[in-house]
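The following note sets out points on the model for a colleague's consideration. The points proceed from the fold as a whole to individual strands and loop residues.

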Amino acid sequence: MDRYELRRLNYSLSEDHEAVQSAYREFFKAHCSIDVVREAEPIGFDKNLWERLCAMGATSMALPESVGPESVGGDGATLVDLTLVAEEVGRVLAPVPWIDHVVAARLLADLGAADADIVAGRQIVALDPALDAVSGTRLLPAAAVADRLIVRDGDDVVALTFSTRPAPVDNIGRLPMAWVDPATADGRTVLGSGPEAAAAYQRALAEWRLLTAAALVGLVEETMTIAAEFAKTRYTLGVPISTLQAISHPLANMAIVVQGGRNLARRAAWFLDNEPDERPELAPSAFVFMAEEAAKHATMAVHIQGGLGVSAEAAATAYLVRARGWPLAAGDPGATAKHIAGLVAARESSQV
């Protein structure tokens with residue numbers, strides 16, 4: 001039997017995994033209320049929360065202890081570990097660019113360019129998550145708060161710095177997005193060129209989609225909880241509305257989506273860590289699945305709450321706009337679906 005066969009089929013958490021998840025759930029419960037989320041909406045970033053999160057080790061855990069002979073200084077967490085943190089980020093709509101930072105930081109580590117400030121989160125880094133490299137100005141999801149931006153420029157992977165951060169752009173995902181023109185950067189450092197640098201960047205893109213999918217899993221689960229709690233306290237004809245099929249069935253569908261998305265994300269994480277060339281379509285598949293399902297079920301949660309749900313003050317509305325906006329940070333999710341088709345077609349062709 002293939003020594004990995006059982007692990008491929010069993011994605012339950014170990015005690016260590018459960019401890020990581022519990023620690024971050026308690027952290028966000030204590031420090032990231034919906035009021036904190038609302039107050040950060042103008043820019044999509046809460047500096048105090050970011051510093052607390054970094055002090056907890058959320059940035060250093062994501063990086064390897066070393067790459068080859070070079071020490072990086074990270075804690076060597078697996079991608080499965082990172083999906084657990086991403087779920088908690090999504091569960092509370094945390095206004096911090098954790099996913100963008102850890103993915104860009106891991107890319108820098110692969111290219112031998114990570115330093116202590118990046119490992120500790122004292123400097124925020126981000127990348128362009130679009131699948132296709134573009135020239136000229138591009139819209140990046142964390143550019144308004146990042147100290148360094150990693151982009152592709154032709155055959156090069158380069159780090160950009162700006163003396164003044166680009167101005168934030170309003171967006172439905174409430175992300176710290178900004179337009180970036182590499183030609184106007186004050187500093188430009190080539191981190192790598194050629195196939196190896198391109199492959200490292202492609203892995204970073206896969207990790208960005210994987211962790212975003214995991215965040216959307218947490219978002220949908222919390223949306224389901226909000227809707228279910230509401231449904232248990234509202235009555236019609238003397239019975240809770242949660243007993244009606246028009247309410248209970250959509251809530252059951254949400255639970256199915258949460259578990260399906262979670263299992264797919266963990267499966268993708270395991271393959272990226274252990275056999276990255278074996279199932280490269282899994283990470284983008286998790287992203288496409290959750291991009292569609294998150295918006296659908298966040299909308300249903302708003303419907304379940306009726307007039308209250310569509311009010312600007314309702315928590316369900318905050319979840320809905322992010323369910324729609326977060327997947328668009330990398331452009332049209334349909335481009336990722338085409339990318340998946342290309343990966344699968346290439347594999348099938350090679351087996352003929």
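Two strands are said to pair if DSSP finds at least two bridges between them. The model discussed here is a predicted one.

1. Hairpin of β5 and β6. These strands form a hairpin in which two residues lie between them. Gly154, in the turn, has a positive phi of about 65°. The pairing of β5 with β6 is antiparallel and runs over five bridges. Two of the partnerships may be named: Asp153 is bridged to Asp156 in β6, and Leu149 has Leu160 in β6 as its bridge partner.

2. Other neighbours of the hairpin strands. Strand β3, residues 125-127, pairs with β5 in the parallel sense over three bridges. In this pairing Leu127 stands opposite Ile150 of β5. Strand β6 in turn pairs with β8, residues 187-193; the sense is antiparallel and there are six bridges. Here Ala159 stands opposite Thr189 in β8. Strand β5 thus has β3 as a parallel partner and β6 as an antiparallel partner.

3. Cover of β5. Is this strand mostly covered or mostly open? Strand β5 comprises residues 148-153, and five of its six residues are buried, which leaves the strand mostly covered. As a general point, the side chains of a regular strand alternate between the two faces of the sheet.

4. Overall form. The secondary structure of the chain amounts to 13 helices and ten strands. Its radius of gyration is 20 Å, close to the 20 Å given by the globule rule for 352 residues, so the chain is as compact as a globular protein of that length. The C-alpha trace spans about 70 × 55 × 35 Å along its principal axes.

5. Burial, contacts and surface. Of the 352 residues, 53% count as buried. Among contacts between residues at least 6 apart in sequence, 72% join residues at least 24 apart. The chain exposes about 15700 Å², of which carbon and sulfur atoms supply 54%.

6. Charge. The chain has 30 positive and 45 negative charges. How far apart are the mean positions of the positive and negative charges? The separation of the two mean positions is 5 Å.

7. Positive phi at Leu93. This residue, which is not a glycine, has a positive phi near 60°. Leu93 is placed in the loop between α5 (79-92) and α6 (98-110). Its relative accessibility is 2%; the cut-off for burial is under 20%, so Leu93 counts as buried.

8. Positive phi at Arg174. Phi of Arg174 is near 55°, again a positive value in a residue other than glycine. The residue lies in the loop between β6 (156-161) and β7 (178-180). With 27% relative accessibility, Arg174 counts as partly exposed. A reviewer may wish to read this entry beside that for Leu93, which is buried at 2%.

9. Glu313. Is this residue buried or exposed? Glu313 has a relative accessible area of 67% and is therefore exposed. Its place is in the loop between α11 (306-309) and α12 (315-325). Glu313 and Lys232 are 81 residues apart in sequence, and their C-alpha atoms are 20 Å apart in space.

Technical notes:
Residues are numbered from 1 along each chain as its sequence is written. This is a predicted model: local features need pLDDT of at least 70, side-chain atom pairs count only at pLDDT 80 or more; totals for chains, interfaces and linings use all residues. Side-chain values use heavy atoms; hydrogens and water are left out. Helices (H or I, at least four residues) and strands (E, at least two) are DSSP runs, numbered from the N terminus. The radius of gyration is taken over C-alpha atoms; the globule rule is 2.2 Å times the number of residues to the power 0.38. Buried means under 20% relative accessible area, exposed over 50%, partly exposed in between (1.4 Å probe, protein chains only). Contact means heavy atoms within 4.5 Å. Accessible areas come from the Shrake-Rupley method with a 1.4 Å probe; for residues, only the protein chains shown count as cover. Lys and Arg count as positive and Asp and Glu as negative; His and the chain ends are not counted. The place of a charge is taken as NZ of Lys, CZ of Arg, CG of Asp or CD of Glu.
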